[in-house]
6 protein chains.
Amino acid sequence: MVYLTRVEKFNAAHKLWVEEWTEEQNLDVFGKCANANWHGHNYTLHVTVKGTPDRYTGFVMDAKVLGQLVKRAVIDHVDHRNLNLDVPFIPAGIQPTSENLVIFFWEQLVPQLPPEVTLHRLILHETDTIYAEYYGE
Amino acid sequence: MVYLTRVEKFNAAHKLWVEEWTEEQNLDVFGKCANANWHGHNYTLHVTVKGTPDRYTGFVMDAKVLGQLVKRAVIDHVDHRNLNLDVPFIPAGIQPTSENLVIFFWEQLVPQLPPEVTLHRLILHETDTIYAEYYGE
Amino acid sequence: MVYLTRVEKFNAAHKLWVEEWTEEQNLDVFGKCANANWHGHNYTLHVTVKGTPDRYTGFVMDAKVLGQLVKRAVIDHVDHRNLNLDVPFIPAGIQPTSENLVIFFWEQLVPQLPPEVTLHRLILHETDTIYAEYYGE
Amino acid sequence: MVYLTRVEKFNAAHKLWVEEWTEEQNLDVFGKCANANWHGHNYTLHVTVKGTPDRYTGFVMDAKVLGQLVKRAVIDHVDHRNLNLDVPFIPAGIQPTSENLVIFFWEQLVPQLPPEVTLHRLILHETDTIYAEYYGE
Amino acid sequence: MVYLTRVEKFNAAHKLWVEEWTEEQNLDVFGKCANANWHGHNYTLHVTVKGTPDRYTGFVMDAKVLGQLVKRAVIDHVDHRNLNLDVPFIPAGIQPTSENLVIFFWEQLVPQLPPEVTLHRLILHETDTIYAEYYGE
Amino acid sequence: MVYLTRVEKFNAAHKLWVEEWTEEQNLDVFGKCANANWHGHNYTLHVTVKGTPDRYTGFVMDAKVLGQLVKRAVIDHVDHRNLNLDVPFIPAGIQPTSENLVIFFWEQLVPQLPPEVTLHRLILHETDTIYAEYYGE
C-alpha cells in the first residue's frame, strides 16, 4: 500500500456568519472573519489516495489524472468563487470553515476516483498557520 | 547603507471590474477575476527600508517597530477586508490589482517612517506565482 | 472527526550537554551542539487537535483561541529564552532535544484544551531538515 | 514513542517507459514523462524513524547519524544519477515512479538502522505538487 | 514604473560536459554534474516585466497572458526535455548551466512581450540553494 | 553580466545588549531580544556574485566552490556559535543584528572570491519575517 498525494490550489472569498445570530454575536464569535463585505484566501488542498503501484506503469494512479479529477470535482467549483454563495455542494447557511470544507470536498471526490485507489486523506491549508485534515470518518 | 525588510501578511477579498464596461467586456478581460461575488487571496507584503545601522543598537530601525508601523498604516486597513469596498485609501473605481496596491501602500507608508530610514521597495505577493514590486517612481 | 492544526513559531537558544559526562564525551556525542556558549534555532510548532465541527460555527475549535492557548501554554515560556536554563517545565539536566520538547509541550497543552477537542499530534521543526512528532503515547 | 524525521535531497534524471509497449502506447500513457532523452527532478526525501528518547542524550537517534545513514544507503546511489540506468537497487524495467522509489528506498534503509529505532514512514516529493508516502506494508 | 513577476516551473534533464575535454578533465571540473547518463532538476523561473499600470485594468500587463507567453516562448521547449539535446534555442556544445539558461531565455522572451512592458529581470532557481539572475546586459 | 547566488544556512545564539546602558534601558529598547541567557535563530544567507559565464564551463563561478568558500569564510565561524562571544570577526560590544552581520560577512567574503567575480549582494534572513540586505556601500 503506497499513498500518492496531489496538491492543487484555489483562491476564494468567504465570511463566517450565522444567520440565526445577531450582528453582535457574530462579531463576538467570528471577529474579523465576519466582515460583511467578505475576505478571502489562497487555499492549498492536498488530496491523498492509497493503492498498489501498477506492475507496468508504477502508478498507484496517474498523478496527472488525479490532478484533472480534483480540478473537475472540486477546484473548478471553488476557484475564484464565493464559498458562501457560489458553490452548489456547500449548503446555504453552513459555515465555509476549513473543517467543513474538507468534509464537503471528500464527498465530491469519493465517487470520482477510479476503483484501484481509495481516498485516504484531505489536508486544506487556509493560511500558513491554519489547516484542516480529514480521513473520511 | 543597509536594507532591512519586514514581511507582513493579510487576507482580503476583491474583484476586477471596470464599471464603464459591459459584463461581457469585463469577463473577456478579467475572466474568473471578475466573479460578481468576489474571490480572495492571502497576500504577503515585503516592506524594505534603507539606512545606516545605529552605532549602539545595530538597527537600521527596530524591526518590531517597523512591523507595528506597517500594521497600523496598511495591514489594519486591508486585513479581512474587501479591497474594492472597505479601504479608505483605495479610490472607488480603481482596480485593486497588486500593481495598484503597491502604489497605494507606498503612499500610506512614506509619511509614517522615522527620519533615519527611507522607504526603498515594496513587494506584494498575491499568489505563489504572481507578485508586484515598486520602488516609488 | 476532523483535525485542525495551528502553527506557531519561537526562537530559542539551547545546547546539548550531559553533566555526568566529561567535556570529551559531550563533544564526541553532541559535536557542535555542545558548544559551551550555546547556539539556537527558529522553531516551528504544529499543534493538531481533533473533534467534530460545531453545527453553528463550523469550528472544531476556534483557531484563534487555539493559537492564544498555544502561546500562553508553550510559546510565551520558550520564545527568546534559553531552553536549558529559562523554562520552568523543562527539568534541569534533561536535554532540550526536539524529541524531548514535544513531550514537555504535550504535557503543557493537554490540561489547557477545551473539552470539545482532543490533542492529537505535535510536530516540532528544529531546522528545515529535522523535526520531531508526538502523539501522546 | 516519538517520531524523528530527517530530510535529504537529491537531483536525478529518469523517464517512464514500458519496454513491452509500443512508442505510441508509452506516449499515450506517460505523455511528456516518456521523453526519450529523459527529464529530471529535485527530489526531497523525508525519512521518519520512531523510538524512545534516550535518557541521557534525549535522542530517539542522533539526527546527524540518521542523515549520514540515509546518504550512504540511498542518496549516494541516486543523486546526480539516472534512475532508470544507474541505480543497482532499482531493477531494470521497473518504472522509477515516486511510488516505486519509496518502496526501494525502504528496503535499502531498514537493514541500516540501529536497533533502538524502527523505520516508520518515507515521504518522497517529486515536485511541489506530487509526493508519495510509504509505511512498509 | 511597477514591476510584475510571473513564476513558472519546469522539470528537465541535463549534464555538464565539454566535448573538447577528456573524461578526466570533465569529472575534475564538473564532478557529479558530468554523470554520463544525465541528472535533472525542478527549475523555477521568475520573469519580471516593468511598465505603468493601465488606468482601466490596473495591469502592467495581464499576468495570465504573461504566463501563457512564458509557457509558449520558454517552458514548452524545456519542460520534460533534455537541455543538452532537445532545445532548439540552446546551441549544441554550450553548457546548460543556470547562468547560460537565463541568457537564452531572455532572448526568447524579449521579442514576445507586448509593447507596453519591458523585460526587467529573470531569476532561475536550479535547486533550493543555487539560482542565477539576469538583467539583459 | 550574470548574477549567481548560493544559499547557506547556520544556527546561532545571540542577544542584543548595550553594555553602556542599564538593564532597564536594554529591556526597554530590545525587549525579549535582551534576554540574559540568550536566544537563537536559524539564519539563511544568500551570497550573490556577478560575472560573465565562462565560454567552456558556462559558470560565472563554480557554485560548489562558492559554497565551500562561503562555508570557510563565514559559516564555519558562526554555525552553532554565540554571535556575541565566539566569532573573531564580530568586534566585542557590537550588536549582532542582521544589519551588522551582513557588513561583517561582506568583509570576510570579498578577499576570498576569485578574480573573475565581484561580490554583489548579501541577504541574511533571521526569521521568516525579517531580513537584511547589503551591497557593499
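How many residue pairs are in polar contact across the interface of chain D and chain A? The rule finds eight such pairs, both residues being at pLDDT 80 or more, where a polar contact is a pair of N or O atoms within 3.5 Å; within protein, one must be able to donate a hydrogen and the other to accept it, and residues adjacent in sequence count only if both atoms are side-chain atoms.

Before the tour starts, note that this is a predicted model, in which local features need pLDDT of at least 70 and side-chain atom pairs count only at pLDDT 80 or more, while totals for chains, interfaces and linings use all residues. Residues are numbered from 1 along each chain as its sequence is written, chains are lettered from A and ligands numbered from 1 in the order in which they are written, and side-chain values use heavy atoms, with hydrogens and water left out.

**Stop one: chain A alone**

Select chain A and colour it by secondary structure, which comes to three helices and five strands; helices (H or I, at least four residues) and strands (E, at least two) are DSSP runs, numbered from the N terminus. Followed from the N terminus on, the elements of chain A run β-α-β-α-β-α-β-β, and the C-alpha atoms of the chain fill a box of roughly 60 × 25 × 25 Å, taken along the principal axes.

Now show the side chains of A:Glu8 and A:Lys71, which form a salt bridge with the closest N and O atoms 3.8 Å apart; the term stands for a side-chain nitrogen of Lys or Arg within 4 Å of a carboxyl oxygen of Asp or Glu. A:Glu8 lies in strand 1 of chain A and A:Lys71 in helix 2 (residues 63-78) of chain A, so the pair ties together parts that are 63 residues apart in sequence. Over all chains, a search of the whole structure finds 30 salt bridges.

**Stop two: chain A with chain B**

Add chain B, on which chain A can be laid with an RMSD of 0.0 Å by a turn of 180° and a shift of 0.0 Å along the axis, the superposition being by least squares on the C-alpha atoms of residues with pLDDT of at least 70 in both copies. The two copies are thus related as by a two-fold rotation axis.

Here 22 residues of chain A are in contact with 22 residues of chain B, contact meaning heavy atoms within 4.5 Å. Of the interface residues of chain A, 100% are also interface residues in chain B, so the copies meet through the same surface. The two chains bury about 1700 Å² between them, 44% of it on carbon and sulfur atoms, where buried area is the accessible area (1.4 Å probe) that two parts lose on being put together, summed over both. In chain A, select A:Asn37, A:Asn42 and A:His80, which lose the most area to chain B, together 32% of what that side buries.

The count of salt bridges between chain A and chain B is four, and a pair to display is B:Lys9 with A:Asp128, whose side chains meet at 2.1 Å, N to O. Across this interface the rule finds 19 residue pairs in polar contact, both at pLDDT 80 or more. The elements that give two or more residues to the side of chain A that touches chain B are strand 1, strand 2 (39-51), strand 3 (81-82) and strand 4 (118-127) of chain A.

**Stop three: chain A with chain D**

Next bring in chain D, which can be laid on chain A with an RMSD of 0.0 Å by a turn of 120° and a shift of 0.0 Å along the axis. These two copies are thus related as by a three-fold rotation axis.

The contact takes 20 residues from chain D and 19 residues from chain A, and the pair buries about 1700 Å², 57% of it on carbon and sulfur atoms. In chain D, D:Glu99, D:Tyr131 and D:Glu133 lose the most area to chain A, together 37% of what that side buries.

The count between chain D and chain A is one salt bridge, so look for the side chains of A:Arg121 and D:Glu133, which meet in a salt bridge at 2.9 Å, N to O. The largest share of the side of chain D that touches chain A, five residues, comes from strand 5 of chain D.

Finally, select strand 1 (residues 2-14) of chain A together with strand 5 of chain D, which pair in the antiparallel sense over five bridges; two strands pair if DSSP finds at least two bridges between them. Within this pairing, A:Thr5 stands opposite D:Tyr131.

**Last stop: chains that do not touch**

Show chain A with chain E, which do not touch, their nearest C-alpha atoms being 14 Å apart.
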